[in-house]
Amino acid sequence: MAHLSICLAFCLLLLEVVLAASRTSPPAGALVVRARTSNSGEFSTVSAAVASLPNDSSARTIFIYPGTYNEQVFITRSGPLTIYGYTTDTSTYRNNQVNIQAGVPASQAGSNDASGTLRVHKDNFKLYNVNVKNTFGQGSQAIAISQYGSRVGLYACGFYGYQDTLYANEGTQVYLRGYIEGAVDFIFGRHGSAYYGGNTIAIKGAGWVTASGRESDDGGSYVFNQNTITIASGASGESGKVYFGRPWGNYAKVIFKNTIVEAPFNKALWSEWNDGDARTDHVFVADYNSSGSGVSGASRPSWVAQLSSSQANQYSISSAVGSDYASWVDMNYFV
Ligand SMILES: *[C@@H]1O[C@H](CO)[C@@H](O)[C@H](O)[C@H]1NC(C)=O
Ligand SMILES: *[C@@H]1O[C@H](CO)[C@@H](O)[C@H](O)[C@H]1NC(C)=O
């Protein structure tokens, strides 16, 4: 019996290894980025590869070999673009070996967008298995990804920062099976329409996971489904000092469904913007079917919506980014 179960465990492991697809060489036609390369036809920075692309409607691909790329990358070309990072397992961020990083704070750059390590100002963009980091740390807004495009998919990517890591400011976008780390208002933006599925969201310090800056009753919202909120490695957990969010704009719209919360949240789960500046008069924020030790004994403020299961069903990838989502989202990553 013991032998059988050991064998079974081994076979399952083998099966997982076989199923884990790797992407360790460039797809046909891709531009190649390789740290410190001197090979002709290759690029040593992501920015140089992006700059070499024609600004036309053609679809282009870039493949990045393992390494740390110290640069800010600003993408504006009009045609579709897909960037792949080298990985031995495309299904997860855990094996990512490509890091794009910079440490520019908004206080120096002049705006949130200008501080972004990766600035996506184009439609029809896909990024796979790449970590994007703003290493500035505490003391200013310091954006890892600044996202302005529509039909943008970020798959098994890691986004690292402290304050304002992920700026979903405009356009329609999905973040699937990735990793998002920060402390203060670290998933935020004004007009973005975003869906977040199957991510690990890691808490670096006291603060708010989201700060929706929605200022009117427009079509934007942030919908989360089946994410896990945990404590980032090396962080203390900040018991009672972490929340699902606070409203940057007083039409904030954020729905968390089926979240496992391991980080020890404040019992209220949601907070006002600031003492004396609540910004809660037109908000629509809710968490539905939250579970885990971090939400035990929760007591939500009256301005947090309580959803029935049929109401919760109305908030989905379709409500967040449009009913045509399957035409541009890589459904292999859908959660
Ligand atoms: C590409 O064209 C778009 C749209 O015309 C423009 O906004 C953008 O600045 C251009 N980018 C580059 C790199 O020339
Ligand atoms: C509640 O969320 C958990 C975690 O995502 C999930 O496993 C479970 O199926 C959900 N329950 C319902 C009723 O949707």
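How many Å separate the centres of domain 1 and domain 2, taken over C-alpha atoms? The legends below give the answer for this predicted model.

**View 1. The chain is assigned two domains.** Domain 1 runs over residues 22–182, and domain 2 over residues 200–322. Taken over C-alpha atoms, their centres are 26 Å apart. Contact between the two involves 13 residues from domain 1 and 10 residues from domain 2.

**View 2. A UniProt entry places a catalytic span on the chain.** The unreviewed entry lists residues 38–321 as "domain: Pectinesterase catalytic". In the model, 42 Å lie between the end C-alpha atoms of this span. Strand makes up 35% of the span and helix 7%.

**View 3. Domain 1 and domain 2 bury area against each other.** The size of an interface is often given as the accessible area lost when the parts come together. Here the buried area is about 960 Å². Carbon and sulfur atoms give 54% of that area. On the domain 1 side, look for Y162, I180 and E181. These residues supply 35% of the area that domain 1 buries against domain 2, more than any other three residues.

**View 4. One salt bridge is counted between domain 1 and domain 2.** Side chains of opposite charge can pair when their charged atoms come close. E181 and K204 form a salt bridge through their side chains, with 3.7 Å from N to O. Between the two domains, seven residue pairs are in polar contact.

**View 5. Strands β15 and β16 help form the side of domain 1 that touches domain 2.** Strand β15 covers residues 172–176, and β16 covers 179–182. Each supplies at least two residues of this side. Which strand gives the most? The answer is β16, with four residues. By class, this side of domain 1 has six nonpolar, five polar and two charged residues.

**View 6. D56 and R77 meet in a salt bridge.** The model has a count of 12 salt bridges. In the D56–R77 pair, the closest N and O atoms are 3.0 Å apart. D56 sits in the loop between α2 (46–52) and β3 (60–64). R77 sits in the loop between β5 (73–75) and β6 (81–85). The pair links distant parts of the chain, 21 residues apart.

Technical notes. Residues are numbered from 1 along each chain as its sequence is written. Chains are lettered from A and ligands numbered from 1 in the order in which they are written. This is a predicted model: local features need pLDDT of at least 70, side-chain atom pairs count only at pLDDT 80 or more; totals for chains, interfaces and linings use all residues. Side-chain values use heavy atoms; hydrogens and water are left out. UniProt positions are given in the numbering used here, feature names are shortened, and annotations may be inferred rather than shown by experiment. Domain bounds come from an automatic or database domain assignment. Contact means heavy atoms within 4.5 Å. Buried area is the accessible area (1.4 Å probe) that two parts lose on being put together, summed over both. A salt bridge is a side-chain nitrogen of Lys or Arg within 4 Å of a carboxyl oxygen of Asp or Glu. A polar contact is a pair of N or O atoms within 3.5 Å; within protein, one must be able to donate a hydrogen and the other to accept it, and residues adjacent in sequence count only if both atoms are side-chain atoms. Ala, Val, Leu, Ile, Met, Phe, Trp, Tyr, Cys and Pro count as nonpolar, Asp, Glu, Lys and Arg as charged, and the others, Gly among them, as polar.
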